[in-house]
Amino acid sequence: MTAEEPARKKRTAVLAEPVPAAPVGKTEDQRVPYLLDFYPLEEARHTRVSAFYENLRRGRFTTTRCRHDGTVLWPPRVICPKCHSGDLEWIDLPRSGHVYAFSAVLAGAPLGMESEVPFVVGLTDLDGSPLRLFGRIVGRAWTECRVGMPVEVEPFEVPGERVFYRFRAKG
Ligand SMILES: [Zn+2]
């Protein structure tokens, strides 16, 4: 080692300080254990796709698209898996779609959602987009849901100053 070479530093991991999550649920018994809650990891200091939630809070439903080959990515990413380009842009997605498939949750709901049983989840094809997205479907009893049913993307507030999207049945 010459005098010009910097002294080798001891390798130390730089970890973000853990941030306790605001509990989900209005009452104590509806709260979700922190270890199951990944929402705090969506903040800007943890991920470069946090703009998805910031846009959603403003009523925009967005994702990233590769400027090199035009691939529309879901979920939003910072690298195109097709061409490995990091030159991506944020785009607005269509808000309307049609149900490709769905399922009713009649038992065994995730923690914090037990009181909402029965509810519907499914895959929706966004109109004019190559994307088929998974999400909750609301606004129609599960017995009345149908494949091909028109739906609309609906951003909504989640307790704890959070935001997410769901699909609402039209008509
Ligand atoms: Zn690409």
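**Exercise 1. Contacts of Val-120**

Determine which residues Val-120 touches in this predicted model, not counting residues up to four places away in sequence.

*Solution.* Begin with the cut-off: two residues are in contact if their C-beta atoms lie within 7 Å. Next, set aside the residues up to four places away in sequence from Val-120. The residues that Val-120 then touches are Phe-102, Ala-104, Arg-136, Ile-137, Trp-142 and Cys-145. Finally, consider the nonpolar core: Val-120 and Ile-137 both belong to the largest one, which has 6 residues in all. Its other members are Val-99, Met-149, Val-151 and Phe-167.

**Exercise 2. Overall composition**

State how many helices and strands the protein chain has, and in what pattern they follow along the sequence.

*Solution.* The count gives 1 helix and 8 strands. Reading along the sequence yields α-β-β-β-β-β-β-β-β. As to burial, 12% of the 171 residues of the protein chain count as buried. As to contacts between residues at least 6 apart in sequence, 48% join residues at least 24 apart.

**Exercise 3. The partners of strand S1**

Identify the sense in which S1 pairs with S3 and with S2, and find the residues that stand opposite Thr-64.

*Solution.* Take S3 to begin with: S1 (residues 62–66) and S3 (residues 88–92) pair in the antiparallel sense over 5 bridges. Within S3, Trp-90 is the bridge partner of Thr-64. Turn then to S2 (residues 72–73), which pairs with S1 in the antiparallel sense over 2 bridges. Here Thr-64 stands opposite Leu-73. Lastly, examine the hairpin of S1 and S2: 5 residues lie between the strands, and Gly-70 takes a positive phi near 80°.

Key: Residues are numbered from 1 along each chain as its sequence is written. This is a predicted model: local features need pLDDT of at least 70, side-chain atom pairs count only at pLDDT 80 or more; totals for chains, interfaces and linings use all residues. A nonpolar core is a set of buried Ala, Val, Leu, Ile, Met, Phe, Trp, Tyr and Cys residues joined through C-beta atoms within 7 Å. A residue is buried if 20 or more other C-beta atoms lie within 10 Å of its own, exposed if 12 or fewer, and partly exposed in between; C-beta atoms are placed from the backbone. Helices (H or I, at least four residues) and strands (E, at least two) are DSSP runs, numbered from the N terminus. Two strands pair if DSSP finds at least two bridges between them.
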